[in-house]
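Biologist: I am new to looking at assemblies like this one. Could you take me closely through how the chains meet, step by step?

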Amino acid sequence: MQPYARFLCVWFAALLVLAFCVAALNFAIDPYDVFGSPRVAGINAQKPRARDHSMLTKAYQIERFRPATVLLGSSRVHIGVDASGPEWPAAMQPVYNYAIPGSYNTTLMLATLQQAAATGRLAHAVIFLDFQNFFVPEAPPGPPNEDDRRLLLDPSGNANALRGYQRLDDGFLALMTMGALSDSVATILSQHAALTLDIQPDGASTDADFVNIARGDGTSSLFAQKRVFEANRTPVLARGLAAWTGPLPNLGRVADVIAFCRRRGIALTLAIAPTHAEALEFYWRAGLWPRIEQFKTELAELVARDGAEGVKLWDFSDYSSFTTEPVPPVSDRKTQTTWFWEPSHFKKPLGHIMIRRMTGQAAPEFGALLTPETVAERNRQIRAQRQAYICLDTANPCKS
Amino acid sequence: MTQDDILATLTQTLRDLLGDDEIVLAMDTLREDVPNWDSFNYINFIVATEAEFGIKFRIADVESFPDVGAVVRAIERLRAR
Amino acid sequence: MLFNSYAFIFGFLPLTLAGFWVLGHRRRDWALLWLTAASLVFYAWWRPINVLLIAPSILINYALSLALRRTGEDSPALARALLIGGIVFNLCFLGYFKYLTFLQGTANDLFDAGFTLTHLILPLGISFITFQKIAFLVDVHAGRVKEFTFRNYALFVLFFPQLVAGPIVHYREMMPQFAVAPCRFSAENAAIGVSLFFMGLFKKLVLADPLSRLVAPLYAQAAAGTPLTLTDAWIAALGFTLQIYFDFSGYSDMALGLARFFGIKLPVNFNSPLKSSSIIDFWLRWHVSLTRFLTAYLYNPLTLNLTRRRVAQGKPLFGGRNTTLSAFVWLLAMPTLLTMLISGIWHGAGYAYILWGLLHGLLLVVNHGWRVLRPRIFLDAKSYNRAMKPVGFVLTFLSVVFAMAMFRAPTAGSAVTIWQGMIGMFGATLPEAILNRIGPAGPWLTALGFTPAWTSGSFLMEATLRIAALLAIALCLPNTLEMLARFEPAIGVKPAKQPERLVRLLTWEPTSAWALTLAVVTLAGVLSLGELSEFLYWQF
C-alpha cells in the first residue's frame, strides 16, 4: 500500500479504536451517574463532577431510586439535608434528595416534584423554600430546554413525548464528549483525596467543597465572601420590589405544588429554610423585613386555604441560638462553626434537627409550625429575637 | 526602441531611485530580487517610468506585473498606440 | 452550516466528497456541478433565504462581467463606467445589509433624526463574497480574466471551503486549478486534507473556545460599566487575543484542508502573526488575503494616483532618505489611515471597529515613519536589527493586544474601561486564597499594591495557565504551513531552505506515527463538537 493510503487507514482505524475506548471508559466511570454503572471503591465510588450537572444526574438517579419521600430545594438542601439516616421514620424511607444546586427557582420546584412523583412510589414531599425566590418575578417558562425534555412528565403533567430523543442526547453527552472524558479522568484522580465531592445514589451530597475551603481558608473567609454577595444582592432585591403591590411574586407556583400533591395523594411538608442572622441583617437594612413577614403570612394563608390537613408549613427562618451562632473574625482561620458553613448554607446537624422537628420526633426547640392564626405572633417573636441579637453586639448602640 | 533599450532606461531609473548602481534589470527580474525595492519604491518607480516614457499604465496592470519583462512589454504596447 | 458541527463533519462533507469522487470518475464537469450544488446547500443550510438574497447579486455580477468583457478594449470609457457601476452596486448591496442599521443609529445619535432602526438579516459571509466579486470585476476589466463561463463563475463564488469567511481568493488563482483538477480520489490530497482540517478543528474547539467562556463575562462586566482590576483586564485582552488567534488560525487551516480534498489549494491566510516583530509584519501574516485585497484594490491605486499628482506638481516623493514630511503625510499616512479605516468598517458596523481600524492605521504610520527616520539615527542597520528585533516584537505584541480589546468590546467605551484596567487605574487585587498560598511573594505583591479580594482563585489560576500554554504554542511552535511545507498546503508555500530544528522535528509525513497523533487530535476535536460555537470571522 502506498504511504498516503496507509496513513489514511491507520488514522481511521486508530480513530475508531480510540473512540470506542473513550465511550467504554466513560460508561464504566459514569461521571454523571447517568447509566448507574457500579461504583467501585478507589475508581469511581465518588462522582465529584456530577455536581456541575446536577439536573442531569438527579433526573436519572431518581428514576432508578424510586423514592417514597422526596426532598426538594436549592443548594442549601442539597448540602445540608441527608437523605439517609435514623432521623427519617421508617414509613418515609427511602428518601431521595432532589434539591438542585445553582439557579434554583419555583418553576424547577414544580418540575422536580412531578419527576419524583412519576417514578411511582412517592408518598411524601418535603420542600424547603427560600424567601429570596419570592422577591423577583420569574419569567414564564420558555420552550422546553434539555432539562425539561428528559423528565418523565411535561409541564402540564402528561407523559413527555420529547424524552426518548433527549435520553439519546444525554447518553451521547455522557459517552462521547470531551467534557465527559475529562470528567471521567478527574473522577478517577479524585478518589484518593481525603474528602471527595459526590452526589450519592440517594441524591445527597458530601460537603467536601465546603469542608476543604473551611479548613484551608477558614470559615471566616466563607462568611466574608457571602457578606459581599448579600451586600450587593439585597439593595437590588429591594429596588425590584419597591413598587410591588399585592401578593408576592411566584406564590402561585406553591399553589400549583399543593394542588399537585392533593391530586396525587402526596403528604406535603413545606419549610422556610434557615438563614444565619448575619445575612438576615442585610435584608433588615435593605428594608426587606416587612416583605419577609408578608411572605410568611401569605404562605400560611395559602396553605390553610388550599392545603387542608395534608400540608404542613414550618418556619425555620428566625434569630434563634442556631442562626445567631457567633462567626469567627476574619483573622481567625481555625475556628469552625457548628451549624452554618456560611450565612445561607447550613450544616447537616442542623438539617437533622429540622427533620426530627418536622417528623414529630424529640428535638431541640427550633422553628415553628405556621398557620394563619400563629403567624402574626411568630413575626412579633422574631422581631424581639432580633432586638436581643443586635444588642449582643457591643459596637452596636442598640437603638433600632 | 528595442526591449534592451527600454530595460536600460528602467535600470537607470531604478538606480537613481534607490541610489544603488549595482542594479541590473533583466526581463525575468522579480521585485524580490532587488534589495530595498519595497512597495513604496515600486509605486515611485512606476510613476518615474511613466514620466520617462510619457505613458500612463492602467492601475490594474501595475498590480499584476509579474516581473520586469511584463513592464517592458506594457511600455512597448502603450508606445505603439 | 458550520465547519464545526456534527451535520457538516458526519453528513455534508462525506456525502459531498463521495458524490464528487464518484461523478469525477465519469465526467469532470458533472463533479464540478455537484460541487457547486453542494456549496449552495451548504450556504442555504442555516437560512435558506440567504440563497435568495445572494443569487440576484451573483446574476447581476455575471451579467456585468459579460458586458465588461465585450466592451473591453473597444470603448474604454464604457468599460470604465461599467466597472464603476459594478463596484458601486456591490458596495451598496453590502452597505444595505451591513450598515443601514448602523447609519440610522448614527444619524439618530448625531441629528436626532428619529429613524426607526431596520433590522435586516445579514446574508452569511456577505463581506467576503462582496470583496471577491469586486476583485473579479476589476480583473475582467483589466483583461487579467478573459475566459469564464457561468458554471465556472458560480463555482468560484460559491466554493464552500472559502465561501463564508475567506480566504478572499482571485478567479485567476482558482479557476486554472479547477480546470486541471482530476476530480478523483487522491490518497495524498485526502491525507493532507484530513490533517489540515482536523488540526484546525482542534485549534478552534480545544484551544480557542474555552477562552471564550473565560473572557466573555469580563467584557460583559466592562460593558455594564463595572471597572476591571489589573489582572481581570489583562486576562480579558490577552485571552481574547489568543481566542481570536486560534479561532481564525483553526478556521484557515480547515478551509485549506477542505479545499485540498477537492485537489484545490487556497492562498495563505494566516501565518503565525503573533511572531511578528513589527505591525507591518503583523499585517503580512494576519488575514493575509484581506491585506492583499486592500493593498491591490485600494491602497496601491490611491498612492499611485497621489504620486502621479505630486510628480506632475514637481514635489518630492516618498521613499529613501530624502523623504519630506509632506510626502510622508500625503503619500503614506493618509492612504494608510484611509485603508485601515475601511478595513475597520468592513469588519463591522460599529464605532469600536472603526476605532480599531484607525488605531492599526496609526500604528502602521508610526511603523513606516520609524523606518524612514531610523537610518538617520542608527547608521549601522545590521546591529540595529539584531538589538531591536526583540523590542519590536514586544511593542508589536502589546499594540496588538491593546487593539484587540477594542475589537472585542461591545462598545468603544467598554474597551476604554478595559484599557484603564490594564494600566492599573482601577487597582490591582489578587484572590485572598492565592495571596496566602504563594509564600514570600505574597507580602511582596502586597507591597507593590496588590490588595486581597474575596474572589475565587480558581478563575485566575485557570486563565493564567491557559493563556501561558496558548502563548507558548503561538510563539514557539511551527505553524501548519511550516509543518506541511513540503506538500504546498497553500498556494506558493515552499519549505524553508534551512528549517529550524523544531520545524524539522515536527514536519508532517505520511507515517503511522503521524496518523496516530492525528487520530488523537481528531478525536479531541470531534469530542468537543458538543459545545457548538460559531467562528468569530463568520460574523463579518
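Modeller: Happy to! Let's begin with the pair that stays apart: chain A and chain B do not touch, and their nearest C-alpha atoms lie 35 Å from each other. Keep in mind that this is a predicted model. Two pairs of chains do touch, and chains A and C make the most contacts.

Now look at where chain C meets chain B. Here 22 residues of chain C are in contact with 17 residues of chain B. The area buried between chain C and chain B is about 1600 Å², with carbon and sulfur atoms giving 62% of it. On the chain C side, Arg144(C), Leu304(C) and Arg308(C) lose the most area to chain B, and together they make up 34% of what that side buries. Arg308(C) deserves a second look, as its side chain meets that of Glu50(B) in a salt bridge, at 2.4 Å from N to O. The count of salt bridges between chain C and chain B is one, and two residue pairs are in polar contact there, both at pLDDT 80 or more.

Which helices should you find on screen? Helix H5 (126–141) and helix H11 (288–313) of chain C each supply at least two residues of the side that touches chain B. H11(C) gives the most, with 11 residues. Sorted by class, this side of chain C has 10 nonpolar, nine polar and three charged residues.

Next, turn to chains A and C. In this pair, 27 residues of chain A are in contact with 31 residues of chain C. The buried area is about 2400 Å², and carbon and sulfur atoms give 76% of it. Three aromatic names are worth finding in chain A: Tyr4(A), Phe7(A) and Trp11(A) supply 31% of the area that chain A buries against chain C, more than any other three residues. The count of salt bridges between chain A and chain C is zero, while the count of residue pairs in polar contact is two, both at pLDDT 80 or more.

To trace the chain A side, follow helix H1 (3–29), helix H7 (178–190) and helix H9 (219–241), each of which supplies at least two residues of the side that touches chain C. The largest share, 13 residues, comes from H1(A). By class, the residues on this side of chain A divide into 19 nonpolar, five polar and three charged.

Conventions
Residues numbered from 1 in each chain as written. Chains lettered and ligands numbered in written order. Predicted model: local features only at pLDDT ≥ 70, side-chain atom pairs only at ≥ 80, totals over all residues. Heavy atoms only, no water. Contact = heavy atoms within 4.5 Å. Buried area = accessible area lost by both parts, 1.4 Å probe. Salt bridge = Lys/Arg side-chain N within 4 Å of Asp/Glu carboxyl O. Polar contact = N/O pair within 3.5 Å; in protein donor to acceptor, adjacent residues only side chain to side chain. Helix = DSSP H or I, 4+ residues; strand = E, 2+ residues; numbered from the N terminus. Nonpolar A, V, L, I, M, F, W, Y, C, P; charged D, E, K, R; others polar.
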